[in-house]
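Take a moment to turn the structure around before you read on. We'll start with a pair of charged residues and work outwards from there.

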Amino acid sequence: MSLDNKPHYSGGCQCGAVRFHVDGKLGGASVCHCRMCQKAFGNFYAPLVSVHRESKLIWTRGEPKRFRSSNFGLRGFCGDCGTPLTFEAPDGVALAIAAFDEPEEIAPTVQWGLEGKLPYVDHVHELPGYTTEDDPEAADFVNDIVSYQHPDHDTDQWPPQERK
Ligand SMILES: [Zn+2]
């Protein structure tokens, strides 16, 4: 939240070349199961939140590349690292929920494109589940992981000087 008490959101791609702010409130949050969204995200479904028409989307570092995925839509993604970032249609722009720095604040409230829903999606939560640290065979490896992803907050300079 910004000082003037208006909702304020930030996010970006994994490599940090593209960063955004939303000044103002967000619109509807959803997941879309349609086949076009699956392909655009390389995933089971696309979690998207629309930018409210009274709010302002600002690209604070870089800007997405866009692929015209249909006569109506553009799909924005980081041209350096490929992170899916937007769905842009004549009626507005939606942002990928997990690209936000605090995606836990943006819970989807509706599903679209059910005709494309993959048959196992409804059963993912029934699968056996473990935390990353739970896997003893991977423990040493996990302890040695150094993330090169951009952190979940704005940075003055990226990448950090020492890695250049
Ligand atoms: Zn990137």
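## A walk through the model

In this predicted model, R66 forms a salt bridge with E88, and their closest N and O atoms are 2.9 Å apart. R66 sits in strand β6 (residues 65-68) and E88 in strand β8, so this bridge ties together parts of the chain that are 22 residues apart in sequence. How covered up are the two partners? E88 counts as buried, at 13% relative accessibility, while R66 is partly exposed, with a relative accessible area of 32%.

R66 has another partner too: it also forms a salt bridge with E63, again with 2.9 Å between the closest N and O atoms. E63 is partly exposed, at a relative accessible area of 46%.

How many salt bridges does the structure hold? There are six. One of them joins R19 and D101, whose closest N and O atoms are 2.8 Å apart. Here R19 lies in strand β2 and D101 in the loop between β9 and β10, so the link ties together parts that are 82 residues apart in sequence. R19 is buried at 2% relative accessibility, and D101 is buried as well, at 7%. This bridge isn't on its own, either: salt bridges with shared partners join R19, D101 and D154 into one network.

Here are the three bridges we've just met, side by side.

| Salt bridge | Closest N and O atoms |
|---|---|
| R66 and E88 | 2.9 Å |
| R66 and E63 | 2.9 Å |
| R19 and D101 | 2.8 Å |

## The zinc ion

Next, find the zinc ion. Which residues hold it? Its protein donors are the SG atoms of C13, C15, C78 and C81, lying 2.3 Å from the ion. The angles among these four donor atoms run from 105 to 113 degrees, and the site is tetrahedral. For comparison, the ideal angle for four tetrahedral donors is 109.5 degrees.

Now trace the donors along the chain: they follow the spacing C-x1-C-x62-C-x2-C. That long middle gap shows up nicely if you pick out C13 and C81, a pair that links distant parts of the chain, 68 residues apart. C13 is in the loop between β1 (8-12) and β2 (19-23), and C81 is in the loop between β7 (74-77) and β8 (84-89). Are these two cysteines buried or partly exposed? C13 is buried, with a relative accessible area of 4%, whereas C81 is partly exposed, at 23%.

## Inside and outside

Let's zoom out. The protein has two helices and ten strands, and from the N terminus on they run β-β-β-α-β-β-β-β-β-β-β-α. Its C-alpha atoms fill a box of roughly 50 × 45 × 30 Å along the principal axes. Of its 164 residues, 32% count as buried.

In soluble globular proteins, nonpolar side chains tend to be buried together. So what does the largest nonpolar core look like in this model? It has 25 residues, and those with the most contacts inside it are F20, V22, L26, V49, L95, F100 and I106. The elements β2, β3 (26-32), α1 (35-41), β4 (46-51) and β9 (92-96) each supply at least two residues of this core. The largest share comes from β4, with four residues.

There are nonpolar residues on the outside as well. F44, Y45, Y120, V124 and L127 form a nonpolar patch on the surface, with about 450 Å² of accessible area together. Y120 belongs to the loop between β10 (110-112) and α2 (139-143) and is partly exposed, with a relative accessible area of 41%.

## Two last stops

First, look at G24, in the loop between β2 and β3. G24 counts as buried, at 9% relative accessibility. Measuring along the chain, G24 and L57 are 33 residues apart, yet in space they are 8.7 Å apart, C-alpha to C-alpha.

Then head past the last helix. P159 is found in the segment after α2, and the peptide bond from W158 to P159 is cis, with omega near -5 degrees.

Notes. Residues numbered from 1 in each chain as written. Predicted model: local features only at pLDDT ≥ 70, side-chain atom pairs only at ≥ 80, totals over all residues. Heavy atoms only, no water. Donors = N, O, S within 2.8 Å, 3.2 Å for Na, K, Ca; no water. Tetrahedral: all angles 85-135°; square planar, octahedral: opposite > 155°, others 65-115°. Buried < 20%, exposed > 50% of the residue type's maximum accessible area, 1.4 Å probe, protein only. Patch = residues over 30% accessible without salt bridge, like charges linked within 9 Å, V, L, I, M, F, W, Y side chains within 5 Å. Areas by Shrake-Rupley, 256 points an atom, 1.4 Å probe, with all protein chains shown as cover. Salt bridge = Lys/Arg side-chain N within 4 Å of Asp/Glu carboxyl O. Core = buried A, V, L, I, M, F, W, Y, C linked by side-chain atoms within 4.5 Å.
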